[in-house]
Amino acid sequence: MAKKTLVPFGPQHPVLPEPVHLDLVLEDETVVQAVPQVGYVHRGLENLVDKRDFQQFTYIAERICGICSFGHSMGYSQAVENLMGIEVPERAEYLRVIFHEMSRMHSHLLWLGLAADAFGFESLFMHSWRLRERLLDIFERTTGGRVILNFCIPGGVVHDIENTELEAIVSTLRGMREDYDQIAATFLDDASVRSRLSGVGYLSKADARTYGCVGPMARASGWDVDVRNNGLGAYSALADFKPVTSQDGDCYARCQVRVEEVRQSIDIITELASKIPDGETLVKIKGNPAEGAESLTRIEQPRGEAIYYIKGNGTKFLERCRVRTPTSTNIPGMCATLGGSDLADVPNIVLTIDPCISCSER
Amino acid sequence: MSGLFKLGKMTLQSLFSKPATVAYPAEPREYYPMTRGQVSIDIAACIQCGTCERGCPTGCLAVDKANYTWSINRYQCVQCQHCVRSCPVHCLTMRHNYTESATEKHVDVYGLTPAQRAVKDAEARARAEKQAKAREAALAKKRAKAQAEKGGAEKAAGTGAASAAKGGAGTTAGSGDASGGDEGARNA
């Protein structure tokens with residue numbers, strides 16, 4: 001039996017955009033155990049419900065994470081609307097889903113770039129981010145912000161997006177598709193990418209269920225868990241929705257699921273933009289959440305299922321706000337996957353869960 | 001070889017097309033009309049209601065009613081546009097250019113010119129006079145009402161005394177009403 005060695009991985013590492021620390025226990029070059037440590041970027045945002053009223057907290061919820069910011073504002077807004085029994089205008093529901101799917105696309109393109117950077121494919125990294133820039137331009141043109149949109153608030157969305165603008169968005173996304181197909185073909189068919197990802201970091205469907213994995217990580221192991229499947233909001237208007245899954249359970253499968261989800265998002269946006277009804281986009285909220293009222297909402301973030309729990313106390317301040325984010329749910333699965341892998345594959349495995357440490361630490 | 005050079009076409013295209021990036025600052029960045037850069041105020045239109053200050057999630061705004069000033073700490077502002085949306089007179093707008101760089105943090109204070117201040121003061125005096133007159137009118141109306149009630153109560157007490165002389169019933173109710181009328185007049 002080889003001697004065990006402890007190798008620290010992170011909190012600062014070229015492959016990590018945010019700080020997380022892993023203690024890797026090695027036998028020769030093989031990882032036998034990975035012990036995670038989080039807490040480097042904890043900001044205590046949930047506790048701010050004591051000091052900011054439930055409407056102001058929307059802006060704080062949106063700033064939990066820079067990449068899934070729109071999803072956080074949407075999840076929190078839905079939680080407030082459920083708590084206070086507010087019905088959101090249908091057009092606002094459609095606009096929310098359209099922007100949520102665009103936010104998924106920009107998150108996945110960011111991840112694809114980071115993954116390419118992690119396995120040393122610099123030109124692929126730059127092409128992925130160049131394409132992502134077009135989405136950020138759409139965000140800035142329509143909402144005024146590139147990353148933090150401030151578009152979704154309790155009651156709907158802050159302003160309407162004209163149908164002509166929606167057509168321009170769909171046209172831009174169609175134009176992106178040709179470039180994206182080339183990038184996607186590189187990720188899925190290139191020999192060097194396959195050699196780095198295929199067969200690496202295997203997670204079985206049973207293990208994905210045991211460790212409670214969510215999002216692309218679970219779907220890459222053949223478990224079709226996806227909140228969008230429940231048909232909440234404008235997702236119910238889709239003619240057909242089937243989560244993208246893969247049966248392989250390795251890093252390549254996780255990459256494949258994300259690559260296909262970008263295409264799926266383009267289809268969803270195109271379909272909803274053609275079906276969007278006319279009407280109001282915002283209803284004004286009056287009063288405060290009732291004392292003891294509770295609300296729990298789930299949405300499918302780019303990284304997986306996120307849960308928002310809020311409780312009112314009869315004042316404009318909430319009693320409690322709790323957010324469960326996909327990365328914190330996927331970390332146990334990632335540590336299980338790291339066991340038995342080579343040290344050289346650790347960066348790729350860590351990256352394929354698409355870790356968002358800001359989300360998990362709040 | 002089939003799995004190699006998948007990105008060749010796109011990379012070659014990139015070689016012969018213009019850069020995807022902007023050579024800032026030599027080439028200025030173009031903003032969209034919607035871009036959220038910084039909040040600006042038309043202070044002459046501001047009614048000093050304080051809605052923006054109360055709603056601001058970062059607490060970067062301050063409204064000083066006594067001096068007619070509106071101030072913003074631009075280093076705390078997160079450009080959420082909440083103040084712009086909630087302003088009842090739409091005197092706040094979002095400019096698309098970002099906050100200028102500075103060597104020291106400071107608070108931007110916006111106040112009125114002496115001429116604007118004189119106009120605002122005159123408006124405030126007129127408003128105060130109008131409110132005082134309205135208060136006086138309301139008070140006079142209340143007094144008149146109380147007087148009328150008092151008179152009515154005395155009349156009822158007289159009727160009550162007459163009926164008491166006849167049968168003894170209603171004496172307590174009559175005196176009660178009268179004392180209530182007195183109390184109402186004192187309050188008025």
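Buried means under 20% relative accessible area, and exposed means over 50%. Keep these cut-offs at hand for the exercises below. The structure is a predicted model.

**Exercise 1. A residue beside the other chain**

Find out whether N150(A) is buried or exposed, and which residue of chain B its side chain reaches.

Solution.
- Step 1: Locate the residue. N150(A) sits in the loop that runs between α4 (122-143) and β4 (152-153) of chain A.
- Step 2: Compare its value with the cut-off. N150(A) has 4% relative accessibility, so it counts as buried.
- Step 3: List its surroundings. Setting aside neighbours within four places in sequence, N150(A) touches Y59(A), E62(A), R63(A) and V158(A), and also R36(B), Q79(B), C80(B) and R85(B).
- Step 4: Follow the side chain. The side chain of N150(A) comes to 3.4 Å from the backbone oxygen of Q79(B).

**Exercise 2. The interface as a whole**

Describe the contact of chain B with chain A: how many residues does each chain give, and how many salt bridges cross the interface?

Solution.
- Step 1: Count the residues. Chain B gives 26 residues and chain A gives 32 residues.
- Step 2: Look up the area. About 2300 Å² is buried between the two chains, and carbon and sulfur atoms give 53% of this.
- Step 3: Look for charged pairs. Side chains of opposite charge can pair when their charged atoms come close. Across this interface there is 1 salt bridge. E140(A) and R29(B) form a salt bridge, with their closest N and O atoms 2.8 Å apart.
- Step 4: Turn to polar contacts. Between chain B and chain A there are 16 residue pairs in polar contact, both residues being at pLDDT 80 or more.
- Step 5: Ask which helices take part. In chain B, α1, α2 (51-55) and α3 (82-86) each supply at least two residues of the side that touches chain A. The largest share, 4 residues, comes from α1(B).

**Exercise 3. Salt bridges within chain A**

The whole structure holds 27 salt bridges over all chains. For three of them, work out where the partners lie along chain A.

Solution.
- Step 1: Begin with E46(A) and R320(A), whose side chains form a salt bridge at 3.8 Å, N to O. E46(A) is in the loop between β3 (30-37) and α1 (57-62) of chain A, R320(A) is in strand β8 (residues 318-324), and the two are 274 residues apart. With a relative accessible area of 15%, E46(A) is buried, whereas R320(A), at 35%, is partly exposed.
- Step 2: Go on to R177(A) and D267(A), a salt bridge with the closest N and O atoms 3.0 Å apart. R177(A) is in helix α5 (residues 163-189) of chain A and D267(A) is in helix α9 (residues 251-275) of chain A, so the pair ties together parts 90 residues apart in sequence. R177(A) counts as partly exposed because its relative accessibility is 26%. D267(A), at 42%, also counts as partly exposed.
- Step 3: Finish with R219(A) and E261(A), where the closest N and O atoms are 2.5 Å apart. R219(A) belongs to helix α8 (residues 215-219) of chain A and E261(A) to helix α9, 42 residues apart. Both of these residues are buried.

**Exercise 4. A member of a network**

Start from E101(A): in which helix does it lie, and with which residues is it linked in a network of salt bridges?

Solution.
- Step 1: Place it. E101(A) is part of helix α3 (residues 90-118) of chain A.
- Step 2: Check its exposure. The relative accessible area of E101(A) is 0%, so this residue is buried.
- Step 3: Find its contacts. Apart from neighbours within four places in sequence, E101(A) touches R228(A), Y235(A), S265(A), I268(A) and I269(A). With the side chain of R228(A), the side chain of E101(A) makes a polar contact at 3.4 Å.
- Step 4: Name the network. Salt bridges link E101(A) with R104(A), R219(A), D226(A), R228(A), E261(A) and E300(A).

**Exercise 5. A patch on chain B**

Which residues make the nonpolar surface patch of about 400 Å²?

Solution.
- Step 1: Name them. The patch is made by L12(B), L15(B) and F16(B).
- Step 2: Take one member. L15(B) lies in helix α1 (residues 8-16) of chain B, and it is exposed because its relative accessible area is 62%.

Definitions and conventions:
Residues numbered from 1 in each chain as written. Chains lettered and ligands numbered in written order. Predicted model: local features only at pLDDT ≥ 70, side-chain atom pairs only at ≥ 80, totals over all residues. Heavy atoms only, no water. Buried < 20%, exposed > 50% of the residue type's maximum accessible area, 1.4 Å probe, protein only. Polar contact = N/O pair within 3.5 Å; in protein donor to acceptor, adjacent residues only side chain to side chain. Contact = heavy atoms within 4.5 Å. Patch = residues over 30% accessible without salt bridge, like charges linked within 9 Å, V, L, I, M, F, W, Y side chains within 5 Å. Areas by Shrake-Rupley, 256 points an atom, 1.4 Å probe, with all protein chains shown as cover. Salt bridge = Lys/Arg side-chain N within 4 Å of Asp/Glu carboxyl O. Buried area = accessible area lost by both parts, 1.4 Å probe.
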